[in-house]
Amino acid sequence: MSYLSLLLVILIFFFTFCDEAQSGNSAFQTVTEKLTSQLTGKSFQPDVPTARGSSNASNKTNNNFPGRSTNIEQAKESNSYRSIPAVDNAYVPGEILIKFVHDRGEEILSQKIVDSIFSNFMKENPFTKVEKVFDSFGATREEMVQHFEEMRRSYNLRASRAYTQEIPNLHRYFKITLRDKDISLSNLISQLKLSKNIEAVSTNHYLYLSQTTVVPDDPLYRSGNLWGLRKIDVENAWQISQGNWHTLTIAVVDSGIDYTHPDIRAHMWQNPNPSMPGLVGYDFFNDDNDPFDDNKLGHGTHIAGTIAAHTNNKIGIAGVLWHARLMAIKVCGEEMECPLDTIVNGIAGAVNRGADILNLSLVGEQPSQMMRDALLYANSLGTIVVTAAGNTGRIELSQFEPAHFKMGITVGASTSEDQITYFSNIGMGLDVVAPGTSILSLKASNRHLGFRHDYIESDGTSMATPHVTGVVGLLLAADPTLTVENVRQKIRMNADDILSVGWDKGSGWGRLNAYRALTSQSRCEARIEVPFFGSLNFISSPTEIRGTASGQRFAYYTLESSVDGESWQLLTRNNTAVRQQALYSLSSTLQQRLFIRLRVYDNALTNQKPCGEDMTVFFHNNITPASSIVGENNTAFGTSIAIIQDLNRDGFDEILVGAPRGIDKDLRTKGFIDLPPRDRIPTHDKGKVYLIPGNRASYGLNTNITQIQHASWVAEDVDTYFGWKVLPVKDLNGDGLDEILISEPGYSAPNEPVVGKVYLVFGRDLSSLPINEVLRRPLTGGPRRFVSWIGEQEYGLLGFDIAVGDFDADHIEDIALSAIGWRDSSTASSKRGKVYIFYGKNSSTWSRNINISRADVHIQGVAGATLFGSDLSSGKDVDGDGRDDLLVSCGGYNQCVRLILGKNIPHTGIITPGNTSFLGGHRIALVNDVNRDQMDDILIGGAPSLQDVWAFSPSLQFFFGSATPANDYSRSTIYNPLLLTTPMFGAWFSSIGDLNHDGYNDFLVGASPTNHRYDFQRYNQTFIILGASELSGKWSKFESPLYADLKLVPPEGDQSYAYGASASRNEGDINGDGFNDIIISDPYYYTGASADNNTGKIYIYHFLFSAD
């Protein structure tokens, strides 16, 4: 070490020690003192920064940290590969975020929700605090609009850049903090989703900073180490623009900034508004005025340095921008955790303080409406958002926020060799890539890894993103009138192709090129708004493609389509500019997935290259499954299916599959009219129920269940139809795990007649698999694994159907069990059927084997109503009184679909169904409110009389819920779209939630063959019908016999026998992408030459639908 270097070290130590001593041995000055001394007068000289925190901790070298030569495998082994750190929870414990449908959410919360929805659930776990997520937006829509207009006036130049002026309802977001932080939130959130007052509800989940490996660098900085700036050709760009100190403000929404760093403090934004808290920004994480970067990786400081480190000052590094003001918006904590509510507040706070650009180098795995609304707020006021793609390892970025949303410019990471990094996420929505490995930038003073100098190298899409942010700043400084979409297109269309020409899923439109973006003379806008990525379209109706195609020197635009995203076919060329209107009307196509590309051309380009481009992909017509699972031999695998809420708490819901074995095919084709005597069943096998854990990855096509790790329950005897029906029940025993109902209508005790049985299996952790358990009669000792009900009459067939719903509005699910063979006397003519109801609140007193006669309520079928209870549906509220209602079918006999309102079900007693009846009823379902009138709705399908049960099903009836229900419900008729091909249209229905996130609930209609002796393979299909407003005219379109929104079909060449015979009866997310999935079954699917070997099969459909 030279004498000069030694003297420098001594001086640094001396001044640091003296400074701490003068402040009372504290490393902290008040933020006001510190900022005043750093940001006023002539204090911008490169003096030694004040230490913050322990000086020993900040100067300790970590000799175990991987060096610059670390390769991918070494990085993985060293645990530095992780983008998202391991934490105890994926969300803030005890916090829930809610968006209300209407204004005055605070009043709704205090009166209606607390009094009704929360009452029982929160008796022992009350909340301690209810607060607005955004404080500055008022309580009403009028106040929100007033605030928005004030922002537009205050920052009118920025506002002129906005692509849209849509105003999101941010004032309707609230946060609930529970007193018990350890309580499971899943059940509470499920209950809240049922409220008609609530538009969106979620956990306050974490997002994480998108940084991977951090490599120590030589403390003596030498020129040439900033390879990223050279790669994007910023040196030539600086000849055109270096930024603008007076007009350009960039908010780093991150872990804060070390504003004392000598190479950044001169570029810190200074708050000109004394009424707005914070001098250089704001700490939304701790809710104070000091946004100092105390993150253990100094993440925000590193980002800030790449954007706008003090350049041309003879010390340290250079930033992309020479002249700009950096606003420190701290939204993350020391451990890299960034709560959703804190981030959206930071976004809104930065916009309200005048930020022109937001840098969001963070990522979360749960795209949320709250994040979308916050980004929309920024865009609508002209703020440009730049987001990181995330470091999960080349996973589709559509699963992550904020990268998922189109309001931002999404950035992946590339290497010095112009390769895509191993960690960068990919896919539709990726705009460009930028340098993201070994990026040298500023080191926060309290960084855990200690070095003598103030700079460090890091990897990640976090490090790539500020390169783009800086170039966006150069563009706005050169031309402040550029719009948000102008800037996006300049970044896209002037990137360097590094994988293929044009857009590709790995690099987007290419690797960032600053000089080309600055020298481009084009000012184009190209944006497809509808159909948005992943959306559905109508099968027979044209699809209207809407968006913007315009420019300062606009010449024309083209629209092209592609099946694979590579080979393109021209749809239209139009010489008329369009702004947020129809671009083209696409006729029906036979392709199940279609890419659409919009290109805009202007007169400034002579090389016939577009000046603007946008793409989308949407699903059209027949959709085939992502994966399929085949059952064991002769099991009728898939006779019943359900999705159960995540049992092993890994973020993925699980699949329940019933395989009752040896099912006579005529049972399914004749509508489950009866079960044959046991001595006619030749299989002599035990039924089985499978519990298959959810998984992000596909199970593959035609994968046998024996190749998948799973749990199972096996009947205690043969030929009993164990697994005939399966259904989840919300947690009854308070362990945070849902329970499982399994029916066994052919059950009999040894040497006793068939009576039927239903099991309630208590949920259990799936961490230890496989589980293969026989459900036997009373077990002694140990935890209670299940309870069961046994039928009371010979051939009563208890468990022919099962349903759950909250009939008494206590927020605990109740159980309905049917016995279609029940008689009120010994004569055959007295066969009426019965439904038993057990209230869930009494579950703590249930014994191992419960006598069915102890049911709380007995609902007897009306005289002559044979097979009352053949189909049950509940869990929905048709009249909007807060109680779930019960719909009961008699299998198509007479006018015997009966609606029993929850308010008419007593606490105890024997009743007969009321007079509200419907024609037909071979199949029935209550479905979530599809027209958003705050009432759930009714579907009735099947033939109107017994003699037509096996005949064609010409239509199904759709009845809208009503607060004053009567026999004359508002009705729409949905005609069979396959009338001439004879499948049973309306074989079943299933509510699937809001599949395309448009605010309206959707549902499935099954169509399976009516007779297994005919080859109806090409007609097996399932229809998705999307919800819509009653006023939209959509429901009148159902009079057209070919109308539906989407069809699901088995793969071509699949040996499907009765595809669409059943489907999951509830909603769930199997692959954890934030969107509901659909499971369709064919219990008669067979392998080999014999159709009698009905192994059964289930088909799983994943959807990635977006609403932006």
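How many of the 13 residues of α11 are buried? Keep that in mind; the tour reaches α11 after a look at the whole chain.

**Whole chain**

Start with everything shown. This is a predicted model. Colour by pLDDT. The chain has a mean of 75, and 69% of its residues reach 70 or more. Two elements mark the extremes. Strand β10, residues 357–360, has the highest mean pLDDT of the elements, 98. Helix α3, residues 72–77, has the lowest, 25.

Switch to cartoon. There are 16 helices and 56 strands. Of the 1108 residues, 63% count as buried. Now consider contacts between residues at least 6 apart in sequence: 72% of them join residues at least 24 apart. Turn on the surface. The chain exposes about 40,500 Å², and carbon and sulfur atoms supply 48% of that area.

**Stretches to treat with care**

Select residues 943–954. Here pLDDT stays under 50, and the model has 32 contacts beyond four places in sequence for the stretch. Then select 975–983. Again pLDDT stays under 50, with 33 such contacts in the model. Where pLDDT is low, the predicted coordinates should not be read in detail.

**Helix α11**

Select residues 340–352. This is helix α11, with 13 residues. Here is the reply to the opening question: 13 of its 13 residues are buried, and the helix is mostly covered. Put a distance on its end C-alpha atoms. They are 18 Å apart, which agrees with the 18 Å expected at 1.5 Å a residue. Step just past the helix to Gly354. Its phi is positive, about 100°.

**The largest nonpolar core**

Which residues touch the most other members of the largest nonpolar core? Select Leu326, Val468, Val472, Val487 and Ile491; they do so in a core of 60 residues. Next, show helix α13, residues 461–478. Helix α13 gives the most to this core, 8 residues.

Centre on Val472. Setting aside neighbours within four places in sequence, its contacts are Ile357, Ile384, Val386, Ile409, Val487 and Ile491. Leave this core for another. A second, separate core has 45 residues, among them Met144, Leu209, Ala355 and Ala374.

**Helix α14**

Select residues 484–493, helix α14. The helix is largely enclosed by the rest of the structure, because 10 of its 10 residues are buried. Show side chains. Charged names are on the buried list too: Glu485, Arg488, Lys490 and Arg492 are included. So are Val487 and Ile491, both listed above for the largest nonpolar core.

**Two disulfides**

How many disulfides does a search of the whole structure find? The search finds 2.

Go to Cys332 and Cys338. They form a disulfide, with sulfur atoms 2.1 Å apart. The torsion about the S-S bond is about 105°, so this disulfide is right-handed. Both Cys332 and Cys338 are buried.

Now select Cys524 and Cys611. Their sulfur atoms are 1.8 Å apart, and the pair forms a disulfide. Is this one left-handed or right-handed? The torsion about the S-S bond of Cys524 and Cys611 is about -80°, so the disulfide is left-handed. The pair links distant parts of the chain, 87 residues apart. Cys524 sits in strand β17, residues 524–530. Cys611 lies in the loop between β22 (593–602) and β23 (612–619). Check burial at both ends. Cys524 has 2% relative accessibility and so counts as buried. Cys611, at 5%, counts as buried too.

**Backbone stops**

Most residues other than glycine have a negative phi, and most peptide bonds are trans. The last three stops depart from that pattern.

Select Glu401 and Pro402. A cis peptide bond joins them, with omega about 0°. Pro402 lies in the loop between β12 (384–388) and β13 (408–414).

Move to Asp233. Its phi is positive, near 60°, and the residue is not a glycine. Look for Asp233 in the loop between α8 (227–231) and α9 (234–237). Its relative accessible area is 21%, so Asp233 is partly exposed.

Finish at Ser438. This residue is not a glycine either, yet its phi is positive, about 50°. Ser438 is in the loop between β14 (432–435) and β15 (439–442). With a relative accessible area of 22%, Ser438 is partly exposed.

Conventions:
Residues are numbered from 1 along each chain as its sequence is written. This is a predicted model: local features need pLDDT of at least 70, side-chain atom pairs count only at pLDDT 80 or more; totals for chains, interfaces and linings use all residues. Side-chain values use heavy atoms; hydrogens and water are left out. pLDDT is the predictor's confidence in each residue, from 0 to 100. Helices (H or I, at least four residues) and strands (E, at least two) are DSSP runs, numbered from the N terminus. Contact means heavy atoms within 4.5 Å. A disulfide is a pair of cysteine sulfur atoms within 2.5 Å. Buried means under 20% relative accessible area, exposed over 50%, partly exposed in between (1.4 Å probe, protein chains only). Accessible areas come from the Shrake-Rupley method with a 1.4 Å probe; for residues, only the protein chains shown count as cover. A nonpolar core is a set of buried Ala, Val, Leu, Ile, Met, Phe, Trp, Tyr and Cys residues joined through side-chain atoms within 4.5 Å. The expected span of a helix is 1.5 Å times one less than its number of residues.
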